[in-house]
Amino acid sequence: MTYSRRRLLRPVLLAPSAVLVLLTAGCSGGDAAASVSVPSPSPEAAAYCRALDGELPDTVGGLERSDPEPASPLTAGWGDGAIVLRCGVARPAKMDDDQSKGITASGVNWMLEQREGDGPRLTTTLRETYVEVSLSEAYAHDTTPLAAFAPAVKKTIPNRF
């Protein structure tokens with residue numbers, strides 16, 4: 001029996017493709033929180049983002065807040081990834097495009113990017129730091145959740161001009 005126990009304790013070497021399959025399977029749980037990349041803003045922008053995090057609503061469009069992984073005051077989510085907010089993102093290159101589209105929701109200006117096969121991504125304009133909101137495909141033609149963010153953005157992220 002000692003032989004069997006030692007055999008169980010030996011490291012198992014897997015082919016790289018097997019490791020990839022195992023990692024992918026471990027990351028695809030249906031009940032897992034959404035995962036997003038956390039921005040790396042300047043210290044000043046991060047301070048605005050922390051203030052924003054404290055003012056964000058508990059529900060947006062009837063969806064409960066369920067922050068993505070990894071936990072950070074720079075990211076927030078509602079409805080297990082249906083709505084994801086990232087604060088302190090880099091200025092999108094699309095803002096240099098004269099043809100880019102914008103909308104105003106409750107006094108906050110947003111640049112609109114329609115993503116192929118997904119919902120819209122919107123980024124604040126004319127603010128001291130950029131706030132990005134990604135909406136799932138269910139919101140392909142509905143940006144009404146932005147109104148829920150306006151009070152918090154106006155209170156914590158100053159106008160640039």
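Let's start at one side chain: K94 is partly exposed, with 37% of its relative area accessible. Its salt-bridge partner is D97, at 3.9 Å from N to O. D97 is partly exposed too, at a relative accessible area of 30%. Keep in mind that this is a predicted model, so here is a word on confidence before the other links.

**How far to trust the model**

The average pLDDT of the chain is 82, and 80% of the residues reach at least 70. Residues 1–32 are another matter, since their pLDDT stays under 50. For that stretch the model has three contacts beyond four places in sequence. Where pLDDT is low, predicted coordinates should not be read in detail.

**Charged pairs**

Side chains of opposite charge can pair when their charged atoms come close. The structure holds eight salt bridges, and three of them, including the K94 pair, are set out here.

| Salt bridge | N to O distance |
|---|---|
| D53 and R65 | 2.6 Å |
| R65 and D67 | 2.7 Å |
| K94 and D97 | 3.9 Å |

Salt bridges with shared partners join D53, R65 and D67 into one network. R65 appears in the bridge to D53 and again in the bridge to D67.

What does the bridge between D53 and R65 tie together? D53 belongs to helix 3, which covers residues 43–55. R65 sits in the loop between strand 2 (63–64) and strand 3 (75–78), so the pair links parts that are twelve residues apart in sequence.

Are the side chains in this network buried or exposed? R65 counts as partly exposed, because its relative accessibility is 24%. D67 is also partly exposed, with a relative accessible area of 33%.

**The disulfide**

How many disulfides does the model have? The count comes to one. It joins C49 to C87, with 2.1 Å from S to S. The link of C49 and C87 is left-handed, with -80° about the S-S bond.

This pair connects distant parts of the chain: C49 lies in helix 3 and C87 in strand 4 (residues 83–89), 38 residues apart. Helix 3 also holds D53 of the charged network.

Are the two cysteines buried or exposed? C49 counts as buried, at 1% relative accessibility. C87 is buried as well, with a relative accessible area of 1%.

How values were computed
Residues numbered from 1 in each chain as written. Heavy atoms only, no water. pLDDT = per-residue confidence, 0-100. Contact = heavy atoms within 4.5 Å. Salt bridge = Lys/Arg side-chain N within 4 Å of Asp/Glu carboxyl O. Helix = DSSP H or I, 4+ residues; strand = E, 2+ residues; numbered from the N terminus. Buried < 20%, exposed > 50% of the residue type's maximum accessible area, 1.4 Å probe, protein only. Disulfide = S-S within 2.5 Å.
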